[in-house]
Amino acid sequence: AAAEAEASREAAGVEREAKERVDAASGALSAAKATSRALENGISERETARAATQKEYDGTFILRFQKRGQLKDEVSRLKKEIKEEAKKLEKADKAVEQASTAFDKQKAYADKQQQVASKLRADAAAAGEKSLAAATKKADSAVADAKKQAAAAVKAAEGKAKALLKEADSLQAKADKLR
């Protein structure tokens, strides 16, 4: 009974660690998607502003050179910004794809760890004290590996998400200045 209880605790630790990894990957995926949406919104706002400016340019009397020149410059600037934003969006979409892949890997790993945890419980129940020592060692190794991999995955995902959020904030600030 004591061996089963210990194996159950170890298995719960393995499951908890796997869940933390999935949660971290899910958070990184959500952050990457939010950045991508923010960039899409920025592009949309610029497209709207460009269309309105183009319409105003088209409706301006041809001999109003200064105003037409300013409007033409504004349209060109907005087109350039849209192009830059589109490139950033492409990168953000790649980051979403990478975060999605990482999430899928973490989910698969969690499923595998669930099987490991179930096996730990079964081994402990079947083999008693002798099997408990081996199961504990195996669980400790799995938890240590999971912690290492989770820390690396979280750090990488947070770094990407932070960079993308910072870029999105910068772009949003530019967009706000254009209003």
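Start by selecting T35, which sits in helix α1, the stretch covering residues 2-59. You are looking at a predicted model, so keep that in mind as you click around. Is T35 buried or exposed? T35 is buried, since its relative accessible area comes to 1%. Now show what surrounds this threonine. Leaving out residues up to four places away in sequence, T35 touches L164, L165 and A168.

**Zoom out to the whole chain**

Colour the model by secondary structure next. The protein chain holds three helices and zero strands, and reading along the sequence gives the pattern α-α-α. Helix α1 you have already met; helix α2 takes in residues 65-127, and helix α3 takes in residues 129-178.

Turn the model until you see its long axis. The C-alpha atoms fill a box of roughly 95 × 20 × 20 Å along the principal axes. The radius of gyration tells a matching story: the chain has 27 Å, while a compact globule of 179 residues would have one near 16 Å.

Switch on the surface if you like. About 11200 Å² of the protein chain is exposed, and carbon and sulfur atoms supply 55% of that area. Of the 179 residues, 33% are buried. How much of the contact set joins residues far apart in sequence? Taking contacts with a separation of 6 or more, 85% are between residues 24 or more positions apart.

**Colour by charge**

Now highlight the charged side chains. There are 38 positive and 30 negative ones, and the centres of the two sets lie 5 Å apart. The count of salt bridges comes to six, and the next stops visit some of them.

**Stop one: K19 and D23**

Select K19 and D23 in helix α1. These two form a salt bridge, with their closest N and O atoms 2.8 Å apart. Why do they sit about one helical turn from each other? They are four residues apart in helix α1, and that spacing corresponds to about one turn. Check the surroundings too: K19 is exposed, at a relative accessible area of 52%, whereas D23 is partly exposed at 41%.

**Stop two: R46 and E81**

Move on to R46 and E81. Their salt bridge has its closest N and O atoms 2.9 Å apart. R46 belongs to helix α1 and E81 to helix α2, so this pair ties together parts that are 35 residues apart in sequence. Both R46 and E81 are buried.

**Stop three: E74 and R77**

Keep the previous pair on screen and add E74 and R77. Their side chains meet in a salt bridge at 2.4 Å, N to O. Both residues lie in helix α2, three residues apart, or about one turn of the helix. Each is partly exposed: R77 has a relative accessible area of 28%, and E74 has 27%. With all four side chains shown, you can trace one network, in which salt bridges that share partners join R46, E74, R77 and E81.

**Stop four: E85**

Stay in helix α2 and select E85. This glutamate is buried, with a relative accessible area of 3%. Which residues does E85 contact, apart from its neighbours within four places in sequence? They are L39, I43, R46 and L171, and R46 is the arginine you saw paired with E81. Then draw a distance from the C-alpha atom of E85 to that of G42: these residues are 43 apart along the chain, yet the two atoms are separated by 7.6 Å.

**Stop five: R68**

R68 is another residue of helix α2. What is the nearest side chain of opposite charge to R68? It is D58, 6.1 Å away, and R68 has no salt bridge although it is buried. A salt bridge here needs nitrogen and oxygen within 4 Å. Outside its neighbours within four places in sequence, R68 is in contact with Y57, T60, F61 and I62.

**Last stop: A153**

Finish in helix α3 by selecting A153. This alanine is partly exposed, with a relative accessible area of 29%. Add K137 and draw the C-alpha to C-alpha distance: A153 and K137 are 16 residues apart in sequence and 24 Å apart in space.

Notes. Residues are numbered from 1 along each chain as its sequence is written. This is a predicted model: local features need pLDDT of at least 70, side-chain atom pairs count only at pLDDT 80 or more; totals for chains, interfaces and linings use all residues. Side-chain values use heavy atoms; hydrogens and water are left out. Helices (H or I, at least four residues) and strands (E, at least two) are DSSP runs, numbered from the N terminus. The radius of gyration is taken over C-alpha atoms; the globule rule is 2.2 Å times the number of residues to the power 0.38. Buried means under 20% relative accessible area, exposed over 50%, partly exposed in between (1.4 Å probe, protein chains only). Contact means heavy atoms within 4.5 Å. Accessible areas come from the Shrake-Rupley method with a 1.4 Å probe; for residues, only the protein chains shown count as cover. Lys and Arg count as positive and Asp and Glu as negative; His and the chain ends are not counted. The place of a charge is taken as NZ of Lys, CZ of Arg, CG of Asp or CD of Glu.
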